[in-house]
Amino acid sequence: MRIDAGKSGAWVAVWFATLLATVLGAAVLHAVAGNWELSGTVLDPSGHSISGAIVRLFDSATGISSKTVSDKSGQYRISALRAGRYHLQVEFPGFSLYSRDVTLDESGSRNLVVTLKLATRKESLTITTASGGADSLLGRTKRSVDAGDRAGAMNTAQLLRDMPGLSLRDNGALASIPVLHGLDDDRVKVVANGMTVSSSCPNHMNPPLSRLDPSSVSQVSVMAGITPVSLGGDSIGGTIVADSPAPAFAAPDEHVHIEGTLSTFYRSNGQSYGPALTASMSSQHFSFGYSGSWNNTDNYRDGRGHLVTSTYVQNTNHTVTLAAQGAGNLLVLQAGFQNTPYEGFPNQQMDLVGDRAEFVNLRYRRDLGASVLDARVFWQNVRHEMNIGKDKSTFPMPMWMPMDTHGRDIGYTLKWTIPVSERHAVQLGSEFQRFTLDSLWPAVPGTAPYMGPNAFISMDDGRRARLAWFGEASSKWTPHWTTLLGVRNDTVWTNAGPVSGYSGMYSMDADAFNALHRARTDIGFDLTALARYEPSAHVTFEAGYARKTRAPNLYERYAWSTDWMTSGMINWFGDGNYYVGNVSLRPEVAHTVSGAASWHDATREKWEIKVTPYQTFVRDYIDVNELATATYGMSTFSQLMFANHDARIWGADLDATAALWKSSKFGRGEITGVGGWLHGRRLDTGTGLYQMMPFNVRLGLQEKLRGFTGGPEIQLVDRKRDTDPLRVEPHTPGYALVNLHTGYQWQHFQLEAGATNLLNRWYYLPLGGVNFDAYMASGWMGQILPLTAPGRSFYLGMSIPF
Ligand SMILES: [Cu+2]
């Protein structure tokens with residue numbers, strides 16, 4: 001058994017230090033200054049000047065950015081520029097990001113008036129293609145995150161909840177798991193600050209997005225269904241990209257630049273609160289930043305006022321960022337630490353009683369004349385401890401069962417973007433990720449032979465390494481036609497060392513597992529083809545096909561015990577069942593066809609309606625076979641072994657916005673709607689797939705007037721009847737909720753207030769799994785029921801910039 005971080009940690013430190021020294025040595029950090037300047041005024045749509053807007057100017061040749069802030073009369077000025085092509089971005093909360101190309105030629109300085117447009121709540125992702133134009137592509141939505149958003153979202157995954165095609169599986173308070181078009185968890189690729197990390201817990205209590213505090217996120221993008229291969233790989237559901245703000249640098253005429261935000265929030269249901277701080281100090285070439293957060297949440301109450309046990313959490317995050325830029329180079333070194341001393345899981349037999357994660361992430365971006373090279377290396381080390389938590393220990397027959405898991409990820413990504421001509425660009429890349437996993441469950445004195453006299457080795461030296469390469473071409477053939485074509489290969493190697501149980505009672509399973517040939521190599525090929533056609537300023541059509549593969553995770557392959565108690569510890573589904581791995585599992589291969597049609601006014605400001613239908617056929621979908629069932633009290637559970645079965649998922653998303661009124665006196669009123677409908681079927685049995693979100697719609701009315709934004713939202717969710725019989729998945733009734741949100745901003749100071757579930761409606765969470773706590777509280781005798789949702793909660797959030 002090897003659970004020592006010391007060796008790998010030291011090795012990684014040496015490796016990073018060497019790399020850092022090499023890169024720093026190679027980078028010549030000086031800027032080429034010139035005499036031109038860019039200046040102007042930032043205005044709102046009614047012509048009033050905006051002070052405090054952030055103005056960024058990117059040098060297209062070198063990638064170096066300059067930044068300034070508009071003054072009291074809305075004036076901005078960036079000087080010491082040289083002639084050339086630049087890209088200007090202006091942002092101010094509540095307004096859409098302003099973005100345009102600017103050329104400074106030999107005739108000298110320029111004056112540019114920037115008029116910002118009011119923001120819509122969700123904005124389509126813009127990607128810059130070879131031709132320099134900005135295109136939104138199929139099934140993608142992007143959202144910028146304000147400090148105030150933390151008040152209404154319990155975790156980073158919840159920041160995504162109103163995005164089309166996405167639903168959330170409720171888990172622990174920090175651990176919501178995103179589901180894209182019915183495909184969830186490891187089927188979705190999560191890229192957080194350029195890193196891809198693994199869930200090391202056998203119950204997925206620490207999914208990748210739980211590693212980021214909402215206060216440290218500035219932007220999230222969701223690609224459901226068709227994903228460019230440059231962002232996909234080893235996933236079949238789609239990709240979620242979450243990024244922290246880019247490091248700040250002083251403007252050319254600024255000596256030292258200091259900026260930061262202090263924010264805090266409070267939520268009434270669960271008495272949740274937490275301060276967060278981000279701050280940075282920079283010169284034109286060097287930047288030092290820190291972001292930290294702390295939060296504490298107690299158990300919430302449902303709509304009937306009942307306390308829902310094991311919904312508490314406490315968590316701390318610290319991240320330090322060092323960055324350097326100059327002469328076409330950008331170097332960013334990030335190191336962070338996360339500590340979660342406890343987090344309850346109402347839908348699991350166990351709770352999190354300790355989780356400490358450290359990471360180091362190094363990014364190097366270099367402008368090579370025409371092309372751009374972007375490289376990253378990262379390392380994450382996780383020590384995760386489970387046992388029954390403080391609530392479960394008060395129930396009859398508490399099962400004390402320590403489980404210690406140690407996971408490490410190390411990897412790199414390399415991307416090289418080459419503009420081939422005015423119309424075509426190519427991106428080439430490579431990725432590597434190696435995950436190592438050990439899980440040891442210490443003996444509990446006096447419980448032999450069930451939980452002693454030896455430790456239970458659940459996973460010893462589990463290894464999953466993945467090496468990938470890809471090539472992608474984006475082309476703008478005519479002003480009306482755009483295409484994206486990509487091919488990708490991911491080779492995944494998995495293996496796990498020999499195991500042993502608490503006692504001789506487990507030796508039959510252990511011996512059988514140890515005798516198996518356990519090393520596996522999976523070779524996956526992905527293909528993405530996308531086309532976009534804009535016949536006029538009012539209609540856009542998109543169509544695409546994607547072939548995507550995902551190799552099994554370590555627990556799916558190597559969870560070895562068929563004993564009831566120990567197999568019940570392998571469960572990231574929140575369904576109370578018992579899971580056994582299968583060394584013979586094959587990778588899942590998904591074939592997705594999707595289209596989108598969007599109708600809008602010429603400026604996309606007055607109205608827009610978008611429909612996205614999709615169908616995915618998954619060959620060898622990793623589902624389960626039933627080994628046995630057992631009835632304890634009034635509840636029946638299944639023991640299930642992972643197995644490949646073909647499946648199909650089909651559905652459609654609807655996304656619509658319309659402006660209702662707009663005047664200088666009454667501001668702008670707008671109505672938005674997001675809906676999702678989908679079905680999933682296993683093809684051999686014709687039965688439903690687990691946790692398919694029922695038909696659901698969100699309708700929002702929003703008023704924006706100067707610094708004020710706000711309005712009500714109605715959320716309608718149909719009953720869930722199409723369930724998975726093998727997992728004994730419960731039905732849930734439909735429900736309607738009213739939420740209220742208001743925000744006010746003055747300069748950069750932001751205040752957010754609102755209410756979720758305003759009418760205090762009592763309902764079951766359709767993707768919340770079962771309430772295992774309530775079942776334990778009944779002495780393992782009662783009827784196991786779905787988990788109930790939080791009742792009414794008021795929230796207040798505040799952020800103060802400096
Ligand atoms: Cu865990």
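Aspartate 184 is buried, and arginine 187 is buried as well, where buried stands for under 20% relative accessible area, exposed for over 50%, and partly exposed for what falls in between (1.4 Å probe, protein chains only). The structure is a predicted model, in which local features need pLDDT of at least 70 and side-chain atom pairs count only at pLDDT 80 or more, while totals for chains, interfaces and linings use all residues. Residues are numbered from 1 along each chain as its sequence is written, and side-chain values use heavy atoms, with hydrogens and water left out.

## Salt bridges

Side chains of opposite charge can pair when their charged atoms come close. Here a salt bridge is a side-chain nitrogen of Lys or Arg within 4 Å of a carboxyl oxygen of Asp or Glu, and by this rule the count comes to 37 salt bridges. Three of them are set out below.

| Acidic residue | Basic residue | Closest N to O distance |
|---|---|---|
| Aspartate 184 | Arginine 187 | 3.4 Å |
| Glutamate 534 | Arginine 532 | 3.3 Å |
| Glutamate 556 | Arginine 550 | 3.2 Å |

Glutamate 556 counts as buried because its relative accessibility is 4%, and its partner arginine 550 is buried too, with a relative accessible area of 3%. Through shared partners, salt bridges join Arg169, Asp184, Asp185, Arg187, Arg550, Glu556 and Glu588 into one network. As for the pair of glutamate 534 and arginine 532, arginine 532 has a relative accessibility of 3% and therefore counts as buried.

## The copper site

Which atoms coordinate the copper ion? The donors are Cys201 (SG), Met205 (SD), His384 (NE2) and Met386 (SD), at 2.1 to 2.5 Å. Donors are N, O and S atoms within 2.8 Å of the metal (3.2 Å for Na, K and Ca), and since water is not among the atoms, sites may look incomplete. The angles among the four donor atoms run from 84 to 129°, and the site is irregular. Four donors count as tetrahedral if all angles lie between 85 and 135 degrees; four count as square planar and six as octahedral if opposite donors are over 155 degrees apart and all others between 65 and 115; anything else is irregular.

Along the sequence, the donor residues follow the spacing C-x3-M-x178-H-x1-M. Methionine 205 lies in the loop between strand E15 (188-192) and strand E16 (219-224), whereas methionine 386 lies in strand E24 (residues 371-387), so this pair ties together parts that are 181 residues apart in sequence. Helices (H or I, at least four residues) and strands (E, at least two) are DSSP runs, numbered from the N terminus. Both methionine 205 and methionine 386 are buried.

## Strand E15

Why is E15 described as largely enclosed by the rest of the structure? The description applies because five of the five residues of E15 are buried. Val188, Val190 and Ala192 lie on one side and Lys189 and Val191 on the other, and with all of these buried, both faces of the strand are covered. E15 runs parallel to strand E17 (residues 238-243), and five bridges join the two; two strands pair if DSSP finds at least two bridges between them. Within this pairing, valine 241 in E17 is the bridge partner of valine 191.

## Backbone features

Most residues other than glycine have a negative phi, and most peptide bonds are trans. The peptide bond that joins alanine 448 and proline 449 is cis, with omega about 5°, and the bond from glycine 452 to proline 453 is also cis, with omega near 5°. Proline 449 is found in the loop between strand E26 (424-441) and strand E27 (456-476), and proline 453 has its place in the loop between E26 and E27 as well.

Aspartate 234, although not a glycine, has a positive phi of about 50°, and this residue sits in the loop between E16 and E17. Because its relative accessibility is 13%, aspartate 234 counts as buried. Asparagine 757 likewise has a positive phi of about 50° without being a glycine, and is found in the loop between strand E39 (749-756) and helix H6 (772-777). With a relative accessibility of 4%, asparagine 757 counts as buried.
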